Amino acid sequence: MSVTFRTATINVKSNPEMRQTSVVHDIRKASQQASVIGWQEIEPERYRQAIRDLPANWSHFMPKGSANPISWRNDLWKKTGGDSITTHKGLAGVTPHRNITWVKLKHRETGKEIVRINTHLISGAWSEPRPTTQWRREQWREHMSQLNDLVRHFEKQGAEVIVGGDFNRDS
């Protein structure tokens with residue numbers, strides 16, 4: 001049975017941090033446009049709180065150490081699984097740890113299951129060369145390899161997989 005729904009991905013910029021009124025505005029606007037949302041750059045606790053402050057018909061998976069939470073309308077979806085894996089450790093002054101977050105959701109009306117994956121890859125791997133460019137590219141490629149493995153894992157189980165996030169790449 002098919003299910004029609006909208007999913008969104010939104011990077012709530014935290015470098016530099018935005019004013020809280022802008023954070024709340026962006027989070028509320030996204031919640032009005034989709035029933036499943038992947039968030040990026042949600043490190044500041046006040047950003048996470050703005051997501052938790054969405055109406056009660058929203059649920060969230062916010063693993064500790066992950067800046068990539070996922071939210072869904074709990075009147076439409078039920079979480080049946082979820083996890084977050086670290087793809088590589090951060091490097092001081094260059095990047096925080098990077099990870100992939102996923103949830104398995106079951107549509108309450110139809111029973112249709114999906115896996116929503118959310119991620120945020122390292123920046124600067126494909127921009128102007130700098131001393132850390134080679135390291136960044138190696139981390140970017142490793143991250144993509146782990147993402148591909150995760151997608152294949154769920155596809156082998158017959159799951160419909162939706163991937164979103166900030167790939168820090170123009171093409």
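This is a short walk through the strands, the nonpolar cores, a few buried polar residues and the salt bridges of the structure above.

Hi everyone, and thanks for coming. Before we start, please note that this is a predicted model: local features need pLDDT of at least 70, side-chain atom pairs count only at pLDDT 80 or more, and totals for chains, interfaces and linings use all residues. Residues are numbered from 1 along each chain as its sequence is written, and side-chain values use heavy atoms, with hydrogens and water left out.

Let's begin with the strands. When I say helix or strand, I mean DSSP runs numbered from the N terminus, with at least four residues for helices (H or I) and at least two for strands (E). Two strands pair if DSSP finds at least two bridges between them. Strand E4, residues 70-73, pairs with E2 in the antiparallel sense over three bridges. In that pairing, Gly 38 stands opposite Ile 70 of E4. E4 also pairs with strand E3, residues 58-61, again antiparallel, over four bridges. There, Trp 58 sits opposite Arg 73 of E4.

Now the cores. By buried I mean under 20% relative accessible area; exposed is over 50%, and partly exposed lies in between, using a 1.4 Å probe and protein chains only. A nonpolar core is then a set of buried Ala, Val, Leu, Ile, Met, Phe, Trp, Tyr and Cys residues joined through side-chain atoms within 4.5 Å. Sixteen is the number to remember here: the largest nonpolar core has 16 residues, and those with the most contacts inside it are Val 12, Val 23, Ile 27, Ile 37 and Trp 39. Helix H1 (20-31), E2 and H2 each supply at least two residues of this core. There is also a second, separate core of 14 residues, and Trp 140, Leu 150, Phe 154 and Ala 159 are among its members.

Let me zoom in on Ile 37 from the largest core. Contact here means heavy atoms within 4.5 Å. Leaving out residues up to four places away in sequence, Ile 37 touches a set of residues including Ala 8, Ile 10, Trp 58, Pro 69 and Ile 70.

From the second core, let's take Ala 159, found in the loop between helix H3 (133-156) and E8. Ala 159 counts as buried because its relative accessible area is 19%. Beyond four places in sequence, Ala 159 touches Val 115 and Phe 154. A little further along, Val 161 lies in strand E8, residues 160-166. With the same kind of sequence neighbours set aside, Val 161 touches Val 115, Ile 117, Val 151, Phe 154 and Glu 155. Val 161 and Val 151 are 10 residues apart in sequence and 6.7 Å apart in space, C-alpha to C-alpha.

Next, buried polar residues. Where is Glu 41? Glu 41 is in the loop between strand E2 (36-40) and helix H2 (45-52). For charges, Lys and Arg count as positive and Asp and Glu as negative, while His and the chain ends are not counted. A salt bridge is a side-chain nitrogen of Lys or Arg within 4 Å of a carboxyl oxygen of Asp or Glu. Glu 41 is buried yet has no salt bridge, and the nearest side chain of opposite charge, Arg 98, is 6.4 Å away. What Glu 41 does have is a side-chain polar contact of 3.1 Å with Asn 11. A polar contact is a pair of N or O atoms within 3.5 Å; within protein, one must be able to donate a hydrogen and the other to accept it, and residues adjacent in sequence count only if both atoms are side-chain atoms.

Asn 68 lies in the loop between E3 and E4. Asn 68 counts as buried because its relative accessibility is 3%. Its side chain makes a polar contact with the side chain of Asn 99, at 2.8 Å.

Last stop: salt bridges. How many are there? The count comes to five. One of them joins Glu 45 and Arg 52, with the closest N and O atoms 2.0 Å apart. Glu 45 is partly exposed at 46% relative accessibility, and Arg 52 is partly exposed at 34%. Another links Arg 73 with Asp 75 at 2.8 Å between the closest N and O atoms. In helix H3, Arg 152 and Asp 149 are three residues apart, so about one helical turn separates them. They form a salt bridge, with the closest N and O atoms 2.8 Å apart.

That's my tour, and I'm happy to take questions!
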